[in-house]
Amino acid sequence: MIEQNPSEPNTSNSNKIMVLLDKLKKIDIKKIDIKRFDIRKLKKFDIKKLKKYDLNEINFRRVLILFMVVVMAGLGFTGYKINEIRTRGFDVFLGSELLGKVRTEEEAVSVMADIKRELSNTYDVDVVLDNELNFEATHCKEKNLISDTDLRNNIKSKINFVVSGYSLQVNGEEVGVLKHEEDAQEILDKIKEPFVDIKDDESKVKEIKFLENVNVAKKEVPLNKIANSDDVIKYLQTGSEEIKTHVVEVGESFWTIAKMYDTTVDELVEANLDKDPKKLKPGDEVKLLVPKSKITVATVEEIEYVEDTNYEVQVEYDKNMYANQKTVKVEGKRGKSKIVANEIRHNGMLFEREIINEEVIEEPIDELVVKGTKEVPKTIATGSFLMPTRGRISSRYGMRWGRMHKGLDIAASYGSAIKAADGGKVTFTGSKGSYGNLVEIDHGNGYKTRYAHCSKILVKTGDKVYKGQHIANVGNTGNSTGSHLHLEVLKNGVNVNPANFVK
Ligand SMILES: [Zn+2]
């Protein structure tokens, strides 16, 4: 032991201890729960006694050690306590799937909100997520926390979302789901547009509506089920999004194409109203489907027009006229009416015309026809000629050997019957120059027929003959080489080609 000044070091040492003990008091000893350390001992420790102690180095060291143990225990507890607070965190789940650990719920919720916002912005649609985040309290170290970026990517890779769309339905059939309610309305407007857009200022569409029951309903669908407006319009207008076509090749017609695709010519014609079936050429595109609209735009339009009105035909009978005769006594004339009508069109095609008002501008004039009732005698010309005899055409009408041959020569055996080509009156019989024996018949309708080179004549001038009556026999009289009939047809006194009349 080293002798010391009794007062000074002692005083200073005990002061130091007092200060330390004061600090010690401030530590809430009750909360210290260190089992090995017996706190009771600390309580029994009488500070007053401490003063009495000969504060030699040993005692002081003992107190100091004790003190340090207490301080360290306190600090340890405090550290533990701080650490417990600092490591509080949450396991983040998407549905039941663990995504990672975060310190606060707010940061995960904010990441989720960001993702939602981003999806909504990207697809311009209201996004509905199939799973929400949920949390479970836990502890974790800083280094085990998931970063915002990782959490974002993790959520994105696992999340399924649907979008809130608008289902457009026609008679209960969904024709497409649109992003916005306005999109559906726009589609309907566009369908109506061609039928409201009037180039002619005079036509007035009074009403436009759909015949079908059309409605729009909110619906949650996967993003890929959101339809493109143009596709929906096309589907509504044609009933299918794609119309197959066939490119015409050489030699093909609607008939061969119809056979090829197991359809009918009528259907092809209907599907290709813009094409003339007779003018189909290689390279033309033929539509194979009849576009069938899913939706019908009905328009009611008031129109005004002037219409010709038909006249009626009145008949009068005259017993002095032959039954096959008729004359027009009064010529009929169509009238005019101004019509006001409602035209109902379905997709532009006229469906019905309701006449609202009809105003006669000009009355029609009825036609008056007089018909004969007298029995027609057989000798009256029928207007058509028969072949007077059977035989071979040996010479035709026209130029022959530099001269005009005015008739048709029919070679027939001598004595064969010659029949009147039509009914009429005999105007000449007898020999006449190069004709030899000739019969001429006036048919009373502008036509005359002549039969030449006859061997025998069986009628007299002035006789009335009927069509097919045996009037003479074939011969070889006059300027003739060989037995034949020379037949002439005159129209208003002028020779015409008999071949155009006799059949
Ligand atoms: Zn002749």
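Let me start with one residue, L236, which is found in helix α8, where helices are DSSP runs of H or I with at least four residues, strands are runs of E with at least two, and both are numbered from the N terminus. Please keep in mind that this is a predicted model, in which local features need pLDDT of at least 70 and side-chain atom pairs count only at pLDDT 80 or more, while totals for chains, interfaces and linings use all residues. Residues are numbered from 1 along each chain as its sequence is written.

Is L236 buried or exposed? L236 is buried, because 21 other C-beta atoms lie within 10 Å; the cut-off for buried is 20 or more other C-beta atoms within 10 Å of the residue's own, with 12 or fewer for exposed and partly exposed in between, the C-beta atoms being placed from the backbone. Setting aside neighbours within four places in sequence, L236 is in contact with V175, I191, S293, K294 and I295, contact meaning that the C-beta atoms, placed from the backbone, lie within 7 Å. Of these partners, V175 is 61 residues away in sequence, yet its C-alpha is 7.3 Å from that of L236.

The partner I191 brings us to the helix pair, since I191 belongs to the α7 side of a contact in which D183, E186, I187, K190 and I191 meet S229, V232, I233 and L236 of α8. The residues of this contact divide into five nonpolar, one polar and three charged. Helix α7 covers residues 181-196 and helix α8 covers residues 229-238, and they pack at an angle of about 45° with their axes 10 Å apart. That angle makes α7 oblique to α8, and α7 passes α8 in a right-handed crossing.

Now to a sheet. Three strands form an open sheet in the order β12-β16-β13, with mixed pairing. Here β12 (313-322) and β13 (326-330) stand at the edges with a single partner strand each, so one side of each is left without a neighbour in the sheet. The twist averages 30° from one strand to the next. Between β12 and strand β16, residues 367-374, the pairing is parallel and runs over seven bridges, and Y322 stands opposite K374 in β16.

Finally, the chain as a whole. Its secondary structure comes to ten helices and 29 strands, and buried residues make up 17% of its 503 residues. Of the contacts with a separation of 6 or more, 71% are between residues 24 or more positions apart.

Technical notes: Axes are lines fitted to C-alpha atoms, for helices over the stretch in contact, and angles run from 0 to 180 degrees between N-to-C directions. Angles under 35 degrees count as roughly parallel, over 145 as roughly antiparallel, 65 to 115 as roughly perpendicular and the rest as oblique. A crossing is left-handed if the near helix is turned anticlockwise from the far one by less than a right angle, and right-handed if clockwise. Two residues are in contact if their C-beta atoms, placed from the backbone, lie within 7 Å. Ala, Val, Leu, Ile, Met, Phe, Trp, Tyr, Cys and Pro count as nonpolar, Asp, Glu, Lys and Arg as charged, and the others, Gly among them, as polar. Two strands pair if DSSP finds at least two bridges between them.
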